[in-house]
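Trainee: I would like to learn how the words used for a structure are justified, so may I ask you about them one at a time?

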Amino acid sequence: MTWAAVVHVVVSGLATGSIYALMAISLVIVYNATRTLNFAQGEMLMVSTFVGWTVLRVLSAPLIVALLVAVAASALLGWLLERLIIRHAISATHFDVLIITLGLSLVLRSAAGIAWTHDEFPFPSFFGNRPVAVGPVRVAPVSLGIIGASLALMLALGALFRWTRLGRAMRAVAQNQRAARLMGISVERVYSASWVIASMVGAVAGVLIAPVIFLSSKMGLVAINGFTAAVLGGFGSMPGAVIGGMLLGVLENLAPLYLPASIKHSVPFLVMITILLVRPGGVLGRVARRKV
Amino acid sequence: MISRSSVLLLLAVMLSALPVAAQQPGVSDTEIVIGGSNSFSGPLAFTGEQITKFGVDLYFKVINDAGGIHGRKIRTVYYDDAYRPQDAVANTKKLVEQDRVFAIIIPQGSPPVVATLDYLEENKVPLLFPYQSSPVTRGKRYVMQGMTLSDRSSKMMIDYLAGQRKVKKFAALYQDDEYGKSFLTAFEKDLGRYGLKLVAAESVKRGVTDVSAQVAKLQAAKPEVTFLVLVPGPGAQALKERQKIGWNDTIMVSTGPLTDERYLSLAGDAAEGVEGLSLWPDPVSSDLPGVKLYREHMHRYFPQNEPNRYSIAGYCAAMLFAEGAKRAGRNLTRDGLMAAFESFKAYETGILPPITIGPDHETQKQGFWVRVEQGRFKQMTDWLKSE
Amino acid sequence: MRQAALATGAAVVVGWPWAAPRYFVFLASLIAINAIVAIGLNLLSGYTNQLSFGHAGFLAIGAYAAAILTIRAPALPVPVSLLLAGLVTAAVGLALGIPCLRLEGLYLAMATLAFGFVVVEAILSLDWLTRGNDGLRVPAARLGPWTLATDTARYYLVMTVAALLVVAAVNISRTRTGRALLAVRESEIAAQASGIHLAAYKTLAFVVSAFYTGVAGGLFALVVGFLSPDSFDVFLSVDFVAMIIVGGLGSILGSVVGAAVITTLNDSLAGFQNYRPLIFGAILITSMVFMPGGIASALGKISGARSRPPRQGEDR
C-alpha cells in the first residue's frame, strides 16, 4: 500500500465526509430550532435532486440550472412541509413529530419511486473523473470539487449565522426559546427558516453526491451517515457537524484499508460509541458531562 | 374503553374472512392463480417490479388475450416484502393459505426465498424460478430453478479464464451478502481445481458510498483479472474508481447478475473494456426470434417501459410456466405441473439455448462471454457449457 | 365492566385458533411478539425517556440465542431456552446500559442505533455459530412430549408467554419500581431529589427492556422459522419506536395496541406493493397529527387527563 494510494483514499474519504457534514448541518439546523430530528431529510434532498434532474432531461438545461432548480424545489418543499404538516401538529410532543417525519420519509421515497421508478440514473457532475496528478498522488477532480463546494457552503452558512439578523435569531432560539420569544423574535419564522435553509443545504449536497452514488429513490439513505456524523461531532454544534462528517468519511475509508473484514464495517459505529463514552457530547460537544 | 359489543363485532368481522374451500388450490374453471412475495420497496424494488409486473405479467397478458391455457386465464397476486425474510414468510403463507395460489413464481433474493423453502416443500407448493443465484435451493422436489446458479456461473468463468486464457492471478470485489458470498465460495473451489487461489478479496456493504479503499487494496495485489460480484450501483462505482486511480492493468469481469445494461449507463466510459459472463442475449438489440417478440409485446402493452434483463427473466419464467401448464393438460394439478416440467426436452424459448430439464430441475445452465465495446456488450463466445 | 372486558379478551385469545383461518393465527403470534418488544421498549423509552433505536439488535440476540440452543441442545424444553435467550439479551442490555447512563436524548438514541448495526455485523462475523449470510433454519421447538410444529401450537406458546410478561409489566408499573421509573421520566432532578437512585433505575430499565425483547426474539425465531441478518435492520428498530409512539408512551395498553396496529397495517398493505410505504407513511402522519400522544393518550382523554412528555420545540 503506497502512501500515494493512502492519500487518494483519504481525499476520497474527505469528499464523502463533506457530504456527511452537509447532511449533519441540515439535521443540526432543524434540531437546534425545533428540538426534533427530521427523519425525512435524506428523502427531501433526494426528491429535490430528482426535480433538478427532470429539468435537466426535459429542457436539456445546463447543470447549473438543475442545481438552482433543485435548491428552489427543496426550499419550497421544506417550507410546505413545515407549514402544512409539522406546524399543525401543534399539541404534539417531539416524539410525535419524529413519527411524522418518519411517515414523510416513507411517503417521499414511495412517491419518488412511482414518479421516476426505483431505477438508478447517472447524474452529471460539475467536475471530471479523470485523475489529476499531484506528484505521485492521483486525486480525482470530483473529490476536490465536492470538498471545495461543501467548504464554501459551510462558510456561507457560518456567515449567515454570525452576521445576519436571521442567523442571530436562529442562534437565540437554539439557545433558549422562551427567552428569544420574550425578546420579540418570531419563533415560528425561525422554524420556517430553519426548515427551508436545511432543505436547501440538503439539495446542494444531493447535487454534489448524485454523480458519485447515482440518483435513485434510495439515495436519501445517505442521511443516516449524516446522523452519525452529527453525533460524532457533537449535536447542536455547527463546527462539530463538520468535523464529525469529515472524521466519519475518512474513518469509513481507512477502516477497510487496514482492518480485517470482520470488523471493518463496524468501525465507524464502534468509534462513535467509544467517543460517546469518553466525551458524551461528541468531539466538540458542549453538553456538560452528567454525573449519574 | 373497549366494550363487549365491539369485541363481538371484531370477532364477527374476522370470522367472515374464512376462506371458501376449493378443489385444487388456485385452479378453477376459468382461471389459474399464481403469485409470489417480492421486493416492491427496499433495495431491490426496481428489479422486483420489472420481473413481476413487466415480466411475468407481460407474458400472461399475451397468453390471456389469446384465450389462456386450456380455456383458463392466468391471474397473478404479488405482495411486497421489501427484502425482509420474515415478511416474505408471512406473505407466502398468506398466498398459500388465504389466496390459495396454485404456485409461487419468481420470488426474489436468497434470504426471503430460503426463509420460505421448508414451508413450501412441506405443503407441496411449487416454487418456480426464484430470482436468486445461491445453490441452496437445490435438491427440492417442488422447486424449479431460475437463473443460472452461482456454482455453474463460476465454473464457466474460471474454465474460460484459467483454462482457456491461462489467467493466473485473480481477485474479487464482492458484496457482503449471500449473493457475494456464494460466488466467492464457488470461485475459491473452482480456482482450486487449477491449483490457484484468489490473491485478494475485498467486501463492500450494500448501499456503500465509497469503494476507494477496497479498490486500492485490490490494485496493490496486482491481479490480472478482478471479479466484480456486485449490483449495478457499486459495480459502476468500482469502475469509476478504477478510472480515477488509473489502474489499467487488470481486466474487470462482471458476474451474471451484474452483466447488465444498467451498470453500463451508470459507469459511462469507465465501463470500456470490461468483460463478463452474460446470462441473457441483449434485450435491446438481439435478433433472436424470442427476444424480438418480447420487445414487440413490451411495446404493445407497456410502451413506456424499456426492455431490460429483469423483465425478460420474468417473461421467460412465465413462458416456461405456460408451457408446463399446457403440457399438464386441462386436469391441472401441482404434481402434474412438476411432471410436465420434467418432460422438457430441448424446448425452444427463442431467447435462451434449448431447455432440457433433468432431475436437477435447473432451467438455465449457460452463459456466454461479453466485452464492453463502445458502450455495448459485444458477444465474444458462444453459449459456454457448465457441465 | 373491566372484568367483563378482560374475560371477553381472554376468551377471544383462547378461542382464536378455532375461529380464525390459519394465517390469522400466525399473524396474531406476530402481533403478540411485537407487543412484547413494544412493552419492553416502552419500559425503557416511555418510562425513563431513554429512546432506543437499536431494539432490533436485542431481538436478534434473543432470536439467535434461542435458535442456537434449539439446534445444539434439542432436549432443552422451550421455556428454558426462551428464558436463557432473555437472560443472555439482558446481560448484553446491562453491558450497554451502564455506559449509556452518561448519555442523554439524541446521543443515547444514536448510541443505540450504532449498537443495532454492531449486532448485525457481529452476527455476520460469528458465522461459524450463526451461519452468517446463509441464514439459520430454526427447527421446531419441543415442549415435553410435544413438538410445536403447527401455527396453532406456537400461537398458544406465544400467547402464554405474552400473558405472563404483560402481567409482570403491569405489576412492575404498579409497584414502587414502576412509580420510580415514571418519576424519572417526569423529571430526573426531582426524582433524584426524592431519593431515587437514578443510575440503578435507568440501568434496571435497560436490563428489563432487553430481557423482554430477548424473549420476544426467541419466540420470533420459533414462529418465523428462519433467521438472517437481513431480518434485523435499523428499519425494524424504527418500526418498534413507531409502535410505542403511535400506541402511546408510558402505557402498557398503548404498547400492545400500537404493536397490533402497526403489524396489522404492514400486513394488510402488502398487496399494495409499491404503494405500501406511501399509504403506511400517510397513515402515520395523519395519526400523529390527529392523535398527538398516541392512541392511549387519545383514549385517556376520554377517561381523564394524563401527564405528558415535553412538547415540540420546548426545552426539557
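What follows is a conversation about strands, a helix and chain contacts in a predicted model.

Trainee: What makes strand β1 (residues 31-38) of chain B mostly covered?

Mentor: A residue is called buried if 20 or more other C-beta atoms lie within 10 Å of its own. In β1(B), 7 of the 8 residues are buried, and the strand is therefore described as mostly covered.

Trainee: How do you know that β1(B) pairs with strand β2 (residues 73-80) of chain B?

Mentor: Pairing asks for at least two bridges between the strands, and 8 bridges join β1(B) to β2(B), so the two strands count as paired. They run parallel, and N38(B) stands opposite D80(B) in β2(B).

Trainee: Why is the connection between β1(B) and β2(B) called a right-handed β-α-β crossover?

Mentor: The chain crosses from β1(B) through helix α2 (residues 45-65) of chain B to β2(B), which gives the strand, helix, strand order in the name. The crossover is right-handed because, with the strands pointing away from the viewer, the path over the helix runs clockwise.

Trainee: What makes β1(B) and strand β3 (residues 103-105) of chain B a pair?

Mentor: There are 2 bridges between them, in the parallel sense, and since the definition asks for at least two, the pairing is accepted. I34(B) stands opposite A103(B) in β3(B).

Trainee: How do you know that helix α5 (residues 105-125) of chain C spans about what is expected?

Mentor: The helix has 21 residues and reaches 30 Å from its first C-alpha to its last, which is close to the 30 Å expected at 1.5 Å a residue.

Trainee: Why is α5(C) said to be largely enclosed by the rest of the structure?

Mentor: Of its 21 residues, 18 are buried, so α5(C) is largely enclosed.

Trainee: Which residues make up the contact between chain A and chain C, and what kinds are they on the side of chain A?

Mentor: The contact takes 45 residues from chain A and 42 residues from chain C. On the side of chain A that touches chain C, α4(A) gives the most, with 17 residues, and the residues of that side divide into 26 nonpolar, 14 polar and 5 charged.

Trainee: How many residues do chain B and chain C bring to their contact?

Mentor: Chain B brings 36 residues and chain C brings 29 residues. The largest share of the side of chain B, 9 residues, comes from α3(B), and the residues of that side divide into 21 nonpolar, 4 polar and 11 charged.

Note on methods. Residues numbered from 1 in each chain as written. Chains lettered and ligands numbered in written order. Predicted model: local features only at pLDDT ≥ 70, side-chain atom pairs only at ≥ 80, totals over all residues. Contact = placed C-beta atoms within 7 Å. Helix = DSSP H or I, 4+ residues; strand = E, 2+ residues; numbered from the N terminus. Nonpolar A, V, L, I, M, F, W, Y, C, P; charged D, E, K, R; others polar. Buried ≥ 20, exposed ≤ 12 C-beta atoms within 10 Å, placed from the backbone. Expected span 1.5 Å × (residues − 1).
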